[in-house]
Amino acid sequence: MISQKMQEAINDQINAELYSGYLYLAMSAYFQDINLSGFANWMRVQAQEELMHAMKFYDFLAERGGTVVLQAIEQPPATWDSPSTPFEQAYEHEVGVTQRIHNLVHLSLEERDYATNTFLDWFVNEQVEEEASADAIVRKLSLIGSDKSGLFMIDRELATRVFVPPTPADGAAG
Ligand code: FEO
């Protein structure tokens, strides 16, 4: 059984992950609008990953005998002023998500909830990757500056990203 406090924190995290998905899907739509389909693809895959993160928390909470309570998802922005801005924001957003995950780890220790603590390990590691992948693109974009051919080269590279569905070995149900 999971404590009320931990349950509420996980429900909040489900909402945060769904918002992340919404944010990246909005960024994907923006890139589609300005004809950068590789950038749009990368953001769309990122949105799928966020939904997978939400479902990991959802399944875990249900498995622990908790109650999933879905909350309203905040509306994300619809437009940005340049192709690099969404990636700068994505990086900052992921730094914030990392902080949220660390807060959950802290709470799990306070609650002596070792099952949740172990479950959160996956997210602690995942956040290292989440920050690094957004930061790598921010750096590339800053390197090319206003060079259009560089932008299209990155667009081609980002077009190759594919969503890899989690396997049961990753600890996600379904
Ligand atoms: Fe679910 Fe991008 O962290």
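Okay, let's start with helix α2. Its 27 residues should span 39 Å at 1.5 Å a residue, and the end C-alpha atoms are in fact 39 Å apart, so expectation and model agree. And I do say model: what you have on the screen is a predicted structure.

Let me stay on α2 for a moment. G38 is found in this helix, and it's a buried residue, with a relative accessible area of 0%. If you look for N11, that one is 27 residues away from G38 along the chain, and the two C-alpha atoms are separated by 33 Å. Then, once α2 is over, you get G65, which has a positive phi, near 80 degrees.

Now go back to α1, residues 4–33. This helix has 30 residues, and from first C-alpha to last it reaches 43 Å, close to the 44 Å you'd expect at 1.5 Å a residue. After α1 comes N35, and here too phi is positive, near 65 degrees.

Right, on to packing. How do α3 and α4 pack? For the record, α3 is residues 84–110 and α4 is residues 114–144; the angle between them is about 165 degrees, and their axes are 9 Å apart. An angle like that makes α3 roughly antiparallel to α4. As for handedness, α3 passes α4 in a left-handed crossing. And if you sort the residues of that contact, you get 17 nonpolar, 7 polar and 5 charged.

Then there's α4 with α5. The axes of these two are 9 Å apart, and the packing angle is about 155 degrees. That again puts the pair in the roughly antiparallel class, α4 against α5. The crossing of α4 and α5, though, is right-handed.

Okay, salt bridges. How many turn up in a search of the whole structure? We get 4. I'll walk you through some of them.

Take R161 and E49. They form a salt bridge, and the closest N and O atoms are 3.7 Å apart. Where do the two partners sit? R161 is in the segment after α5 (148–158) and E49 is in helix α2 (residues 37–63), so this pair ties together parts that are 112 residues apart in sequence. E49 has 15% relative accessibility, so it counts as buried.

Another one is R64 with D113, whose side chains meet in a salt bridge at 3.2 Å, N to O. This pair also links distant parts of the chain: R64 belongs to the loop between α2 and α3, D113 to the loop between α3 and α4, and they're 49 residues apart. Are these two buried or exposed? R64 comes out at 18% relative accessibility, which counts as buried. D113 is buried as well, with a relative accessible area of 8%.

And then D135 with R139, a salt bridge at 2.9 Å, N to O. Both residues lie in helix α4, 4 residues apart, which is about one turn of the helix. R139 is exposed, with a relative accessible area of 55%.

So, if you rotate the structure yourselves, try this: find E49 in α2 and go across to R161 in the segment after α5, then find R64 and D113 in their two loops, and finish on α4 with D135 and R139. That's my tour, thanks.

Technical notes
Residues numbered from 1 in each chain as written. Predicted model: local features only at pLDDT ≥ 70, side-chain atom pairs only at ≥ 80, totals over all residues. Heavy atoms only, no water. Axes fitted to C-alpha atoms, helices over the stretch in contact; angles between N-to-C directions. Parallel < 35°, antiparallel > 145°, perpendicular 65-115°, else oblique. Left-handed = near helix turned anticlockwise from the far one by under 90°. Nonpolar A, V, L, I, M, F, W, Y, C, P; charged D, E, K, R; others polar. Expected span 1.5 Å × (residues − 1). Buried < 20%, exposed > 50% of the residue type's maximum accessible area, 1.4 Å probe, protein only.
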